[in-house]
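Biologist: I should like to understand the terms used to describe this structure. May I put some questions to you about how each term is justified?

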Amino acid sequence: MNSDQVTNTEAAWIAGLLQAGDSFYPTGSYAHSFGLEGLVQEGVVHDRATLRDFMLLSVVPALRQAELPLAAQAWRALGEENWSQVGELCRLSSALKTAKEARLAADNIGRQRTELIATLRPHPLASEYLKRSNAGGWPFSAAIAAALEGRVLGAPVPAVLAGVYYAAVAAQLSAAMKLLRLGQNASQSLLTELLQQAPVVVAAAEQVPVAEIGWFNPWLDIAAARHEHADSRMFIS
């Protein structure tokens with residue numbers, strides 16, 4: 001009888017990505033609505049139908065044109081240890097967030113996730129990233145932290161992007177359940193509809209060149225900026 005232990009490497013990175021995408025993973029993202037609370041306060045998003053419009057017309061395009069391409073480009077640059085490109089992507093990620101709250105939220109979540117990677121999964125790539133980031137004063141980014149974690153786990157880029165997509169839409173719907181009269185069945189049916197679009201969105205995001213990364217939505221940015229000065233707030237952003 002052969003007693004040699006057999007390891008499935010795909011199961012290892014799949015389990016790691018599931019852990020990183022779970023709300024139990026302490027990145028602090030549960031404390032942010034990423035502008036949704038501001039839109040609810042403005043009365044723009046007030047029920048499932050308007051939430052669905054917001055997700056399809058604002059959240060998904062922003063993922064396709066900004067967060068997912070950033071993660072894809074960072075995954076490639078980290079694989080080549082092209083540190084000048086990694087630094088440029090960190091700065092680009094921060095510059096694309098025009099509202100102060102969104103910029104600070106991305107920096108805090110990215111920093112916490114990066115430091116968590118270095119603690120939970122000691123790896124030369126994570127150590128080198130932190131050293132260069134601190135030395136260069138690079139802003140932290142949730143998308144680039146996800147790419148780093150994918151590289152450390154050995155996950156392919158489509159899986160990393162799918163993880164970023166799931167975490168983003170699930171976090172928004174989780175926040176919506178606290179802000180609106182939205183039940184679990186209604187939120188899960190909307191989540192299912194959004195996840196059905198993931199393969200097309202991920203494939204499109206992989207093809208976006210660095211020069212074309214970006215998504216501008218003044219509607220959301222203005223709501224996020226107003227949220228900073230709201231009299232009462234449930235979420236940080």
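Biologist: In which sense, right-handed or left-handed, does helix 8 pass helix 9 in a crossing?

Modeller: The model before us is a predicted one. In it, the crossing of helix 8 past helix 9 is right-handed.

Biologist: What makes helix 8 roughly antiparallel to helix 9?

Modeller: The axes of the two helices come within 10 Å and cross at roughly 155 degrees. Angles over 145 degrees count as roughly antiparallel. Helix 8 is therefore called roughly antiparallel to helix 9.

Biologist: Which residues make the contact between helix 8 and helix 9?

Modeller: Helix 8 contributes Tyr 165, Tyr 166, Val 169, Ala 170, Leu 173 and Met 177. From helix 9 come Gln 184, Ser 187, Leu 190, Leu 191, Leu 194 and Leu 195. By class, this contact has ten nonpolar, two polar and no charged residues.

Biologist: Why is Ser 187 called buried?

Modeller: Ser 187 is found in helix 9. Buried means under 20% relative accessible area. The relative accessible area of Ser 187 is 4%, and therefore Ser 187 is buried. Not counting residues up to four places away in sequence, Ser 187 touches Leu 173, Met 177 and Leu 182.

Biologist: Let us turn to another pair. Why is helix 3 described as oblique to helix 7?

Modeller: Helix 3 covers residues 48-79 and helix 7 covers residues 142-153; their axes come within 8 Å and cross at roughly 45 degrees. Angles under 35 degrees count as roughly parallel, and those of 65 to 115 as roughly perpendicular. A value of roughly 45 degrees belongs to neither class, so helix 3 is oblique to helix 7. The crossing of helix 3 past helix 7 is right-handed.

Biologist: What residues make this contact, and how do they divide by class?

Modeller: On helix 3 they are Glu 67, Leu 70, Ala 71, Ala 74, Trp 75, Arg 76, Leu 78 and Gly 79. On helix 7 they are Ala 143, Ile 144, Ala 147, Leu 148, Gly 150 and Arg 151. The residues of the contact divide into nine nonpolar, two polar and three charged.

Biologist: Glu 67 is one of the residues in that contact. Does Glu 67 count as buried or exposed, and why?

Modeller: Glu 67 has its place in helix 3. The cut-off for buried is under 20% relative accessible area. Because its relative accessibility is 19%, Glu 67 counts as buried. Apart from residues up to four places away in sequence, Glu 67 touches Ala 62, Lys 97 and Ala 143.

Biologist: How do you know that helix 7 is mostly covered?

Modeller: Ten of the twelve residues of helix 7 are buried. Among them are Ala 143, Ile 144, Leu 148, Val 152 and Leu 153. The buried residues of helix 7 pack against several helices, including helix 1, helix 4 and helix 8.

Biologist: Why is Ile 144 counted as buried?

Modeller: Ile 144 is found in helix 7. Its relative accessibility is 0%, and therefore Ile 144 counts as buried. Leaving aside neighbours within four places in sequence, Ile 144 is in contact with Leu 70, Ala 74, Leu 89, Cys 90, Ser 93 and Tyr 129.

Biologist: Why is helix 5 called oblique to helix 6?

Modeller: Helix 5 and helix 6 pack at an angle of about 140 degrees, with their axes 9 Å apart. The class called roughly antiparallel requires over 145 degrees, and roughly perpendicular runs from 65 to 115. An angle of about 140 degrees falls in neither, so helix 5 is oblique to helix 6. Helix 5 passes helix 6 in a left-handed crossing.

Biologist: What makes Phe 24 and Glu 81 exposed?

Modeller: Exposed means over 50% relative accessible area. Phe 24, in the loop between helix 1 and helix 2, has a value of 76% and is therefore exposed. Glu 81, in the loop between helix 3 and helix 4, has a value of 51% and is therefore exposed.

Biologist: What is the phi of Glu 81 near?

Modeller: Phi of Glu 81 is near 50 degrees, a positive value in a residue other than glycine. Most residues other than glycine have a negative phi.

How values were computed
Residues are numbered from 1 along each chain as its sequence is written. This is a predicted model: local features need pLDDT of at least 70, side-chain atom pairs count only at pLDDT 80 or more; totals for chains, interfaces and linings use all residues. Side-chain values use heavy atoms; hydrogens and water are left out. Axes are lines fitted to C-alpha atoms, for helices over the stretch in contact, and angles run from 0 to 180 degrees between N-to-C directions. Helices (H or I, at least four residues) and strands (E, at least two) are DSSP runs, numbered from the N terminus. A crossing is left-handed if the near helix is turned anticlockwise from the far one by less than a right angle, and right-handed if clockwise. Contact means heavy atoms within 4.5 Å. Ala, Val, Leu, Ile, Met, Phe, Trp, Tyr, Cys and Pro count as nonpolar, Asp, Glu, Lys and Arg as charged, and the others, Gly among them, as polar. Buried means under 20% relative accessible area, exposed over 50%, partly exposed in between (1.4 Å probe, protein chains only).
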